[in-house]
Amino acid sequence: MEDVKKRKIEEASGNGEEILTYSEDHLRSLLDPLAKPQLVDLLAKLGSQYPSIAEEIKGVASADPVHRKLFVRGLAWNTSSDTLRAAFSEHGEIEEGAVIYDKASGKSRGYGFITFKYMESTQHALRAPSKLIDGRLAVCNLACEGLSGTSATLDLTQRKLYIGGLSPNVTSEMLLHFFGRHGDIEEGSVAYDKDTNESRGFGFVTYRTVEAARKAIDDPQKTLGGRNIIVKLADSHKGRTVQAQLPPAMVPMALPLAAGYPQPGKAHAGATPVGYGYPQTVAAYPDSSYPSPPTAPYQAQSQIPYPYYIGKQ
């Protein structure tokens, strides 16, 4: 028993109380049956009382970069890695940060990654996941979660709006300011051309709630930049675009073929392929439909005698 559990009696410096010191194995046996919420409460309480324990918790939590790496999407095409790091530096010390570029064209792909030195900096950045960078509202989430880490992806189709008919002078800031009156915006920007960086005449706005998106659709005042704009769910606009590009007549259809269909390099077995409509077998015409013209009896013609010429001897 003494090998498993060590107990030391020490004199407390002030009041002479006895302090029991347990071995690590014995403490593990006490902690093992506890549930996760109980362990979290216990460590939080100890960390708040003892700074050394708080530093230990901080070091263990930040050891794995999975808990410190953010995926940032919705970046402007001209946003550089330095600009991206500067935008997130307010949350804490950054260990690594970069915009991802296309290898072939050398242009930004519209997203990047930020890795903080400490996990608490990542948590601080996630409290406000939307951030205005170079005129576009970028959104971040844990990189290990990917796109599925965004808030409430199940109702995203009811929160994301397509904004059409925009004036070339309307910027992303103007778009966000105009639609921000209906509720908090999670993501939004004017769509710009990658080559010219000019507005393409439309944009997208994603609200945090479905109610805010409905208010924006039902709002009768839809004039921005001196033009009447189109506001509707982005999912419905996407569906119409796909139907216009792929009409029913253009959908390829496979024709059923019989096993006897000739293959390259193989002899045809002789069975007529099913579903192969060319060429078709034409039935013979009946004799009664087109009678043959009467023919005269054949008469042998006599041979024409040729005179013999006898040369002079």
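Is Asp195 buried or exposed? I will start with that residue and then work through the rest of the chain. Asp195 has a relative accessible area of 61%, so it is exposed. Please keep in mind that this is a predicted model.

Asp195 has a partner. The side chain of Lys107 forms a salt bridge with Asp195, and the closest N and O atoms are 2.2 Å apart. In sequence the two are 88 residues apart, so to speak of the pair is to speak of distant parts of the chain being linked. Lys107 sits in the loop between strand E4, residues 94-101, and E5, while Asp195 sits in the loop between E9 and E10. Lys107 has a relative accessibility of 34%, so it counts as partly exposed.

Now the overall picture. The chain has 313 residues, and buried residues make up 27% of them. Its secondary structure comes to 9 helices and 13 strands. Take the contacts between residues at least 6 apart in sequence: 59% of these join residues at least 24 apart. The accessible surface is about 22800 Å², and carbon and sulfur atoms account for 56% of that.

Next, strand E3, residues 69-73. Of its 5 residues, 4 are buried, so the strand is largely enclosed by the rest of the structure. Which strands does E3 pair with? One is E5, residues 108-116, which runs antiparallel to E3 and is joined to it by 5 bridges. In that pairing, Val72 stands opposite Gly112. Another is E7, residues 136-142, also antiparallel, with 4 bridges. There, Leu70 of E3 stands opposite Leu142.

E3 also holds Arg73, which forms a salt bridge with Glu187, with the closest N and O atoms 3.0 Å apart. Glu187 lies in strand E9, 114 residues away from Arg73, and again the pair links distant parts of the chain. Why does Arg73 count as buried? Its relative accessibility is 13%, and the cut-off for buried is under 20%.

On salt bridges in general, side chains of opposite charge can pair when their charged atoms come close. A search of the whole structure finds 10 salt bridges. One more of them joins Arg28 and Glu24, at 3.1 Å from N to O. Both residues are in helix H1, residues 24-31, and because they are 4 residues apart, they are separated by about one helical turn. Arg28 and Glu24 are both exposed.

Last, the nonpolar cores. How many residues does the largest one have? It has 20, and those with the most contacts inside it are Ile163, Leu166, Leu175, Phe179, Tyr207 and Ile229. The elements giving two or more residues to this core are strand E8 (160-164), helix H7 (172-179), strand E9 (185-192), strand E10 (199-207) and helix H8 (210-218). H7 supplies the largest share, 4 residues.

Tyr207 is worth a look on the screen. Leaving aside neighbours within four places in sequence, Tyr207 is in contact with residues including Arg159, Leu161, Phe179, Ile185 and Ala216. A second core, separate from that one, has 14 residues, among them Val99, Ala138, Cys140 and Leu142. Leu142 has come up already, as the residue of E7 that stands opposite Leu70.

Technical notes
Residues are numbered from 1 along each chain as its sequence is written. This is a predicted model: local features need pLDDT of at least 70, side-chain atom pairs count only at pLDDT 80 or more; totals for chains, interfaces and linings use all residues. Side-chain values use heavy atoms; hydrogens and water are left out. Buried means under 20% relative accessible area, exposed over 50%, partly exposed in between (1.4 Å probe, protein chains only). Two strands pair if DSSP finds at least two bridges between them. A nonpolar core is a set of buried Ala, Val, Leu, Ile, Met, Phe, Trp, Tyr and Cys residues joined through side-chain atoms within 4.5 Å. Contact means heavy atoms within 4.5 Å. A salt bridge is a side-chain nitrogen of Lys or Arg within 4 Å of a carboxyl oxygen of Asp or Glu. Accessible areas come from the Shrake-Rupley method with a 1.4 Å probe; for residues, only the protein chains shown count as cover.
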